[in-house]
Amino acid sequence: MGVNTDASQILHTGQLPSSNNADTDALCRRNVRMMYVFQILNSMAWGMALGPVFDRYLYYLGGGAAVGPTLVPKHQRNSLVGMTESISGLSSLFLAIPVGLLVDREQQSRSRLLKQSTVFAVLSCILAIVACITDVVLFLFASLVLLGVFMEISGSTSEAIFADSVPAGSRSGVFTTKTILTTVGTAIGPMLSAIGLLIIGDNWQPHQMKAVVIVGSLFMPISCIPCLFFQDPPVAASVPSATQSPAIESPGAVSFSCPQNPLRARKFGPLRGRHVPFILATADFITCIGAGMTVKFFNLFFIQDMHFNPTDICLLQTAYPLVIAVFVKFTQRLAKPFGRAQASCAFFSVNVLCLLMLSQVKSLPMLLCVFLLRGGFANSTSAIDRSILMDCTPSSQRGRWNAVQSFTSMTWSGSAFLGGLSADSHDYRFTFLITAFVYATACVVYSPLLALVPRREADAACGAAQDVRELPLVEAAVGA
């Protein structure tokens, strides 16, 4: 009887009873904080285990040091780097849609799925250590497959829980904070690698590279600890499914069939507001094709062509995410007066120009400056793009749209193999040039969002039923 009473109150007022509201607020705050901790620890482990030293270790294995089959022609070093990246990405690619559908179906069991995914991280860590000790590439491939499984399941579930824990219309600030913490963690990983290399030796010796990768791999299971403390927001459980209506669906966008949805009236030629998620996914897909051909080879470009030693490249990869973190905050602030889509499109377009410069510039100081600026412009837009996506999708569809985003982002792993072949047959700068044109195409695909997405973030949530959480939740979480 109590459940029916609660459901009736939500249907009429859009809010939980006050006795439950405080508990829900506390639970959601904890989810937000756990997401922050998980992101910074996971990216730190990733920066050590799979950062620039790992890329150079793969390059070393590709030169003939690998034990057993490598699935690429011998001495095709860049091809092995691209193949390794493709192995991990393809495992996520095949799982993206099934995991997304599972996350949507199990809306009140997402936290359980997140906890179970940590098993794959532990197994991946064990195999990575064995691979480094033995130089058996097949063990390394198996480790990356398991890591891809972990990243896909943990990514879809944690992002869905995180989005459900933040009110619509207020997400860009919280997503920006999450992105900043992720980039800071990515900077800490190479910084710790640089400190370790200064102690054990600043050369590209096999035992030095292996030590860094093994220590980073050991951090991966530790980074999973916050996953054990996520909980599903109990909003959907408060309303029997037979009576739940789209207007009060667990926090998210109003259904596109609802007249109150502000995106319903927006149009750009034949495109309508309901097409926003599809446009974002298509632009991401094209972007990731270009990114795969280039991003994995930036480190090798500086190592092989610019003759960076281990400490040099680790320090560069420490500075790189910190520049991104600054740009993420700047982009989010610029989005307030100009609009989220406008800021995102403008910054990513500048990234295209920077890539063209990277393919031509010879001076090392100028090259480093352009490289850092390009990273800031290119990677500062993901937070506001994801906030747009979450504002345009209801909770019941977030798993599948997170899966679609994973599906598109993992295409960069497939194109990494093409980038390796291109680098072996031409050079790294040639891949930069090709990627610039691919990115320009993505900007054209993204451009309809300038008309379809409201300039004011609050307008995107206008007409939605009141979230069961109060706005101070976001302020408290960001200030924590």
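At the start of helix H17 in this predicted model, a side-chain oxygen of Asp427 comes to within 3.3 Å of the backbone nitrogen of Arg429. The helix that begins here covers residues 428-446, and its 19 residues, taken at 1.5 Å a residue, should span 27 Å, which agrees with the 27 Å that separates its end C-alpha atoms. Its buried residues are Tyr428, Arg429, Thr431, Phe432, Thr435, Ala436, Val438, Tyr439, Ala442, Cys443 and Tyr446, and two of these, Tyr428 and Phe432, also belong to a cluster linked by ring pairs, together with Phe297, Phe298, Phe301, Phe302, Phe308, Tyr320 and Phe371.

That cluster leads to the aromatic pairs, of which a search of the whole structure finds 16. A pair of aromatic rings is described by the distance of the centres and the angle of the planes. For Phe302 and Phe371 the centres lie 5.0 Å apart and the planes stand at 70°, and because an angle over 60 degrees counts as edge-to-face, the pair is given that description. Phe302 lies in helix H10 (residues 298-305) and Phe371 in helix H13 (residues 364-379), so the pair ties together parts that are 69 residues apart in sequence; Phe302 and Phe371 are both buried. Another edge-to-face pair is formed by Phe327 and Phe347, with 6.3 Å from centre to centre and 75° between the planes. Here too distant parts of the chain are linked, since Phe327 belongs to helix H11 and Phe347, 20 residues away, to helix H12 (residues 340-358). Phe327 counts as buried because its relative accessibility is 14%, and Phe347 is likewise buried, with a relative accessible area of 6%.

Helix H11, which covers residues 310-338, also contains Thr318, a residue that counts as buried at 9% relative accessibility. The side chain of Thr318 reaches the backbone oxygen of Cys314 at 2.8 Å, and, once neighbours within four places in sequence are left aside, Thr318 is in contact with Ala187, Pro190 and Met191.

Helix H12, in turn, packs against helix H14 (residues 382-391). Two packed helices are described by the angle between their axes and the distance between the axes. For H12 and H14 the angle is about 145° and the axes are 9 Å apart, and the crossing of H12 and H14 is left-handed. On the H12 side the contact is made by Arg340, Ala341, Ala343 and Ser344, and on the H14 side by Ile384, Asp385, Ser387, Ile388 and Asp391.

Helix H9 (residues 276-294) can be read in a similar way to H17: at 1.5 Å a residue its 19 residues should span 27 Å, and the end C-alpha atoms are indeed 27 Å apart, which agrees. Of the 19 residues of H9, 14 are buried, so this helix is largely enclosed by the rest of the structure.

Finally, Ala45 in helix H2 (residues 18-49) gives a view of an earlier part of the chain. Ala45 counts as buried because its relative accessibility is 0%. Although Ala45 and Met220 are 175 residues apart along the chain, their C-alpha atoms are separated by 5.4 Å. Not counting residues up to four places away in sequence, Ala45 touches Leu50, Gly216, Phe219 and Met220.

Conventions. Residues numbered from 1 in each chain as written. Predicted model: local features only at pLDDT ≥ 70, side-chain atom pairs only at ≥ 80, totals over all residues. Heavy atoms only, no water. Helix = DSSP H or I, 4+ residues; strand = E, 2+ residues; numbered from the N terminus. Expected span 1.5 Å × (residues − 1). Buried < 20%, exposed > 50% of the residue type's maximum accessible area, 1.4 Å probe, protein only. Polar contact = N/O pair within 3.5 Å; in protein donor to acceptor, adjacent residues only side chain to side chain. Contact = heavy atoms within 4.5 Å. Phe/Tyr/Trp six-rings, centres within 6.5 Å; stacked < 30°, edge-to-face > 60°. Axes fitted to C-alpha atoms, helices over the stretch in contact; angles between N-to-C directions. Left-handed = near helix turned anticlockwise from the far one by under 90°.
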